[in-house]
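Trainee: Could you take me closely through the charged side chains of this protein, and show where their pairs sit in the fold?

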Amino acid sequence: MLHGRDAVRNLFFLAFALTTSFGCTNAPQRQPMARAQAGSVAPPSTRNADAKQPATPLRAPGDATPVQPVLHVTTPQAPAGTQPPDGTTLGPSLSADAPPPSADNAAQLRRIQRTAAERYAGIDSYIARLRRREQVNGKDKPEETLLFKFRKQPFSVYFKWLGPEAVGREVTYVKGQYEGKLHTLLAAGDMPLAPAGKRIALAPDNVLVRGSSRHSITEAGMGNLIDRFGDLINAQEHGDRRFGTATFIGQRTRPEFATPQEEVEQTIPAGSDPALEHGGRRFWFFDSVSGLPQLLITLDGRGHEVEYYCYDRVQYPVKLDNDDFNPDKLWKPKN
């Protein structure tokens with residue numbers, strides 16, 4: 001039925017729109033390209049050996065795990081620029097024909113990339129709270145708050161909506177397991193005539209999933225962001241400006257975090273992303289203590305927010321095993 005199909009489509013927009021995770025439309029697509037000189041790029045951040053770990057109960061993240069500070073050298077703050085919807089001032093706007101980045105800018109960007117990759121390489125699993133806002137098909141969606149659990153090997157993700165938007169919905173996906181499908185525990189109102197707690201499963205590339213989402217479930221997590229940021233920096237170092245220009249802004253205090261964030265502004269050229277016909281701007285924020293990406297904001301050519309992904313209350317190291325992502329363990333099967 002048409003109404004039921006639309007409801008399922010709406011559900012799977014909500015369930016699979018991440019990047020944050022932080023995943024980002026119009027960031028460089030994963031493709032072969034020349035890398036920086038040997039020694040300048042950290043090992044691939046998303047690769048890690050499997051490890052047998054004891055089961056842990058489902059839990060919401062608490063205070064962030066203390067980590068060793070990473071010392072940074074910063075450049076002066078840039079003038080105030082576009083005001084995002086939350087009222088926080090972002091960095092200055094960059095034109096598509098801006099001059100080539102300076103050597104110091106390139107060094108700062110590579111430092112940020114390397115620090116994030118090296119930190120993430122030592123993390124097998126983590127838990128975080130994710131807050132996200134997205135625009136899909138020209139429509140702004142309400143902000144969502146989710147519990148997010150991630151394991152590198154095998155690639156495993158779990159989401160639980162904490163409300164008030166779609167409270168009670170859960171999603172889990174493990175690459176190569178559980179029929180290779182994305183399993184969802186429905187919230188009240190997700191599907192006509194389906195009660196809260198009903199289970200459904202669809203392939204990640206199902207038209208109902210892909211047709212209503214900015215992102216694939218396989219793009220979830222901070223590791224994907226680090227890889228994409230690395231691709232952006234590599235392209236810029238080799239004079240490839242198809243993805244725009246990245247500029248290190250400096251340290252900035254954000255209302256979402258207690259610690260300063262290191263800000264990078266990326267231009268988005270017109271035509272590089274169908275969802276941003278007139279281009280736009282993307283702001284990357286890396287935590288000055290952990291070095292990990294914690295916030296991403298994308299604005300369209302009019303300065304309107306189209307993506308907002310915020311990771312906080314990050315916990316690592318944590319021990320997540322199969323039971324944390326097994327739909328039959330997480331939820332009792334329902335007919």
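Mentor: A salt bridge here is a side-chain nitrogen of Lys or Arg within 4 Å of a carboxyl oxygen of Asp or Glu. The model is predicted, so local features need pLDDT of at least 70 and side-chain atom pairs pLDDT 80 or more, while totals for chains, interfaces and linings use all residues. Residues are numbered from 1 along each chain as its sequence is written, and side-chain values use heavy atoms, without hydrogens or water.

The setting comes first. The protein has five helices and 12 strands (DSSP runs numbered from the N terminus: H or I of at least four residues for helices, E of at least two for strands). Of its 335 residues, 55% are buried (under 20% relative accessible area, with exposed over 50% and partly exposed in between; 1.4 Å probe, protein chains only). Within this fold there are 17 salt bridges.

I begin with the pair formed by E305 and R133, whose side chains meet in a salt bridge at 2.9 Å, N to O. The two partners belong to distant parts of the chain: E305 is in strand β12 and R133 in strand β1 (residues 125-136), 172 residues apart. E305 has a relative accessibility of 9% and therefore counts as buried. R133, with 16%, also counts as buried. The contact is part of a wider arrangement, since salt bridges link R131, R133, E143 and E305 in a network.

Another pair consists of R111 and E262, which form a salt bridge at 3.1 Å, N to O. R111 is in helix α2 and E262 in strand β9 (residues 261-268), so this bridge ties together parts that are 151 residues apart in sequence. R111 and E262 are both buried. R111 has buried company in its own helix: the buried residues of α2 include N105, Q108, R110, I112, T115 and Y120. An α-helix has 3.6 residues a turn, so residues three or four places apart point the same way.

Not every pair has both partners buried. R302 and D300 meet in a salt bridge at 3.2 Å, N to O. With a relative accessible area of 68%, R302 is exposed. D300, by contrast, has 11% and is therefore counted as buried. As a general point, side chains of opposite charge can pair when their charged atoms come close.

D324 deserves attention next. This aspartate is found in the loop between β12 (305-315) and α5 (327-330). Its relative accessible area is 2%, so D324 is buried. The side chain of D324 makes a polar contact with the side chain of K149 at 2.8 Å (N or O atoms within 3.5 Å, one able to donate a hydrogen and the other to accept it; residues adjacent in sequence count only if both atoms are side-chain atoms). The side chain of D324 also reaches the backbone nitrogen of D321, at 3.0 Å.

K149 leads on to the aromatic rings, because its charged end sits over the ring of Y158, 5.3 Å from the centre (NZ of Lys or CZ of Arg within 6 Å of the ring centre and within 35 degrees of the ring normal). An arginine is placed in a similar setting: R169 lies over the face of W161, at 4.9 Å from the ring centre.

One further arginine stands out for its backbone. R313 is not a glycine, yet its phi is positive, about 50°. The residue lies in strand β12, the strand that also holds E305. R313 has a relative accessible area of 41% and is therefore partly exposed. A second positive phi, near 55°, belongs to Y178, likewise a residue other than glycine. Y178 lies in the loop between β5 and β6 (182-185), and at 23% relative accessibility it counts as partly exposed.

Two peptide bonds complete the backbone picture. The bond from Q153 to P154 is cis, with omega near -15°, and P154 is found in the loop between β3 (144-151) and β4 (156-161). The bond from G163 to P164 is cis as well, with omega near 5°. P164 lies in the loop between β4 and β5 (170-174).
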